[in-house]
Amino acid sequence: MQFHHHGYVSGDPRLEDATGSGIDRPGSLPECVDVLIVGSGPAGMIAAAQLAKFPNITTRIVERRPGRLEIGQADGIQARSVETFQAFGFASRITDEAYRISEMAFWAPDPENPAQISRASVAPDDPGGAISEFPHLIVNQARVLDYFAEFARNAPARLEPDYGLEFLELQIHDGEEYPVSVLLQHVSGDRDGQECTVKAKYVVGCDGAHSRVREAIGRKHVGKRANHAWGVMDVLATTDFPDIRTKCAIQSSSGGSILLIPREGGHLFRMYVDLGEVAEDDHHQIRRTTLDTTIAKANQILHPYTLEVKNCAWYTVYEVGHRITDKFDDVPPEEVGNRMPRVFIAGDACHTHSAKAGQGMNVSMQDGWNIAWKLGHVLSGVAPESLLETYSSERHEVAQNLIDFDREWSSLMAKPAEEFEDPQELAEFYVKTAEFPAGFMTEYRESMITGNRDHQQLATGFPVGKRFKSAPVMRVCDGNPAHLGHHATADGRWRIYAFADSARPGEDSHLASWAEWMLSSPDSPVVKYTPKGSDLDSLFDVKVIFQQPHGDVEFGSTIPALFMPKVGPFQLTDYEKVYAIAPEADIFEARGIDRQGVVVVVRPDQYVSLVLPLNAFDELAAFFDGAMRIR
C-alpha cells in the first residue's frame with residue numbers, strides 16, 4: 001500500500017481524503033445524480049465501490065432494506081473473486097475469517113451395502129495453486145458487502161447506501177442532461193410511504209431476480225425451471241458424519257443427494273438437500289416444505305450417519321431455474337449503434353441459476369465491476385460513450401456460458417446414483433471443469449477495449465481477453481518479493497506492463513526506445529490522454545519487469561523516467577514500478593514471455609487487452625485511440 005505522497009498520514013491509510021462529490025456529501029438524495037445504482041447486493045456494492053474512486057462523479061445507491069444485510073444467501077467465493085478483493089484491498093482480511101476449501105469429498109452408495117453411503121474419492125480443489133495463488137473460500141455474503149461498503153465509505157466520494165428506498169418505475173427522456181427519471185418510495189423511517197423522484201444520467205439495476213428495473217426497460221428473463229427442488233439450511237448440529245468439515249457431494253441409493261458446504265467459524269455448515277422432482281402443477285407448494293422435513297430427508301440420505309440440528313440460522317426451499325435476460329441494457333437490438341444505453345442491469349437481474357455451483361455472487365460482482373469502471377471513464381471524459389455498449393455484449397456471453405455450465409452441473413447433482421455408468425463421473429466432472437467454477441474461463445472477444453491476438457505468441461501466459469494471471473517478481477527498489485498483479489488496485493487506471501529485452505538498464509535497448517516514445521511522442525497514450533496538470537501515472541500505471549535478478553538491476557538514473565514518475569502535490573518519486581525476476585520463479589519463463597521484450601496492456605478490471613512487441617508503437621497508439629478520447 002502506498003500513502004504519504006499527499007502528506008504525512010498518521011491514521012488508517014485506507015481512509016482517503018474526501019474530494020469532489022465526497023466533500024460535504026448531502027445526507028438526503030439530491031435531485032440529480034450522474035449514476036443511480038438500485039440494489040446493494042454484490043453487483044451493486046462493487047459498482048458503488050468502484051465509482052467511489054471517481055469523486056468527480058455523483059453516484060448514489062438505493063436499497064429497499066432498512067439497513068445492511070445480516071444473513072446472506074450466497075457464500076461461495078471463487079478464486080477469481082478473491083483476486084478482485086485484492087484490488088479492493090481486503091483479500092487478506094476476508095481470507096482470515098473465511099472457510100478455505102482445499103478439497104472435495106465424493107460419497108456414493110457403498111458397493112458392498114448400497115443402503116448406506118461410503119466415501120468414494122477425494123479431489124483437491126486447486127492442486128499446487130495451478131489455477132490461482134488465491135484460495136477458494138466460503139464466507140457469508142453479508143461480510144463481502146460489508147467490505148465493499150467500507151471501501152466505498154473510505155474512498156474520495158464517501159459513498160454510502162441510502163437505505164429504505166424502493167424503486168417503483170423509471171422513464172427515459174432523450175435529449176435532457178439527466179434523461180432517466182426514477183420514481184422511488186420510502187419504505188421505512190419517518191418518511192415511510194412518501195415518494196420522491198431522482199433524475200440520473202445513468203441507472204444500474206442490481207435489484208435481484210425479480211428486478212423492477214429490468215421490467216421497466218422491457219427486458220425479458222428467458223428460460224425455465226428444471227422441476228427439481230432443494231432445501232437449503234445453514235445449521236449448527238451434532239453428527240457422526242466424518243467429513244462434516246469438508247465440502248462434499250453425497251449421493252445415496254434411494255434418498256437423493258446432498259451438497260455439503262462447511263461455513264466460516266468452524267461450526268456452521270450449509271446443506272443443499274435434494275427434495276426431488278416437482279410436478280408441473282405443483283404451483284410452488286414444494287416451497288412450503290418444513291425445516292423438519294428437510295432435516296429428516298438429510299438423515300435418510302446420510303444413512304448410516306445421523307444429523308441432529310441444534311440451531312438453524314437460515315432456511316429456504318428453491319426450485320432450480322436457468323434464466324438469462326435477452327439484453328443487459330435498455331437499447332433494443334435493432335437500435336444498437338444508433339443510440340447509447342442509459343439503463344443497465346447486473347447480477348441476478350440478468351441471470352439466475354442454481355446455487356450449487358457457487359457462481360451467482362461471483363459472476364454478479366464481475367458484472368458490477370465491468371459496468372462501473374466504464375461509467376467512470378465515460379463520465380470523466382476519459383472514454384467515448386460507445387464504451388458503454390461493450391457491457392451487454394461482454395457480460396451476456398459470460399452469463400450464457402454460466403447457464404450452460406450450471407445446467408450440466410445441477411443435472412449431475414440431481415441424477416440418481418444408480419443412473420451413473422461410472423461412479424466417478426461426478427468427481428471427474430468436478431476436476432475437469434475446475435477452471436470454470438474458479439472464475440477463470442471468461443474470455444472477452446475483440447472490441448474497442450480488447451485487441452486482436454496477432455502477437456499472442458509473444459506472451460502465451462497472458463491470453464488476450466482473459467484475466468491477467470499474476471506471478472512472483474522482485475521489487476528492485478527494496479528487494480522485496482511481490483506478486484506483479486497485486487499492486488493493481490481498483491482505481492480505474494489502465495495497467496501497461498513492459499517486459500524488457502535482455503539489455504541491462506542504461507544500455508541501448510528496445511525497452512529504452514519504447515519508454516522514450518511513451519514519454520515524449522505526441523502519439524503516445526500517456527502524452528495524448530493524461531489530463532493536463534495530472535500526475536504522469538494518473539491514467540496509465542506503467543511498470544517494467546527486467547529479465548535480470550534484482551541485484552543486477554541498478555536503481556537510479558539508468559532507469560527510464562517513465563518508470564519513476566513524480567506523484568502528488570510534492571512531486572515525490574514513485575519507486576514501486578520497477579521489477580526484476582524472482583529467485584524462485586522467472587516470470588518470463590512462467591508466462592511464456594518473449595525475451596526480445598513484450599508490452600501487455602490490462603484493463604481496469606484486470607483483463608488483458610493487448611499483447612505487443614516493444615517496437616509496435618503505431619499499434620499501441622491506434623488501440624488507445626479507439627478506446628479513449630481527449631478531454
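Both Phe468 and Tyr497 are buried in this predicted model, and the two residues make a convenient place to start a tour of its aromatic contacts. Their rings form a stacked pair, with 4.6 Å from centre to centre and 10 degrees between the planes; planes under 30 degrees apart count as stacked. Phe468 belongs to the loop between α9 (425-432) and β19 (472-475), while Tyr497 is part of strand β21 (residues 494-499), so this contact ties together parts of the chain that are 29 residues apart in sequence.

Strand β21 also contributes Phe499, whose partner in helix α12 (residues 587-590) is Phe588; this pair links distant parts of the chain, 89 residues apart. Here the arrangement is edge-to-face, at 5.7 Å between ring centres and with 90 degrees between the planes. Phe499 has a relative accessible area of 0% and Phe588 one of 1%. Both values count as buried because the cut-off is under 20% relative accessible area.

Turning to the wider set of rings, the model holds 26 aromatic pairs, counting rings whose centres lie within 6.5 Å. Some of the rings join into a cluster: ring pairs link Phe85, Phe88, Phe90, Tyr147, Phe148, Phe151 and Trp369. Aromatic rings also meet charged groups. The charged end of Arg467 sits over the ring of Phe440, 3.7 Å from the ring centre. In a second example, Arg342 places its charged end over the ring of Tyr202, with 4.8 Å to the centre.

Strand pairing comes next. β19, which follows the loop that carries Phe468, pairs with strand β25 (residues 578-581) in the antiparallel sense through 3 bridges. Met474 has Ala580 of β25 as its bridge partner. β25 is also joined by 3 bridges to strand β22 (residues 540-549), and these two strands run parallel. For Val544, the bridge partner in β25 is Val578. β25 therefore pairs with both β19 and β22, since at least two bridges are needed for strands to pair.

Finally, there is a helix packing to look at. Helix α1 (residues 42-51) packs against helix α4 (residues 141-154) at an angle of about 20 degrees, and their axes are 8 Å apart. That angle makes α1 roughly parallel to α4, because angles under 35 degrees fall in this class. The crossing of α1 past α4 is left-handed.

Terms used:
Residues numbered from 1 in each chain as written. Predicted model: local features only at pLDDT ≥ 70, side-chain atom pairs only at ≥ 80, totals over all residues. Heavy atoms only, no water. Phe/Tyr/Trp six-rings, centres within 6.5 Å; stacked < 30°, edge-to-face > 60°. Helix = DSSP H or I, 4+ residues; strand = E, 2+ residues; numbered from the N terminus. Buried < 20%, exposed > 50% of the residue type's maximum accessible area, 1.4 Å probe, protein only. Lys NZ or Arg CZ within 6 Å of the ring centre and 35° of its normal. Axes fitted to C-alpha atoms, helices over the stretch in contact; angles between N-to-C directions. Parallel < 35°, antiparallel > 145°, perpendicular 65-115°, else oblique. Left-handed = near helix turned anticlockwise from the far one by under 90°.
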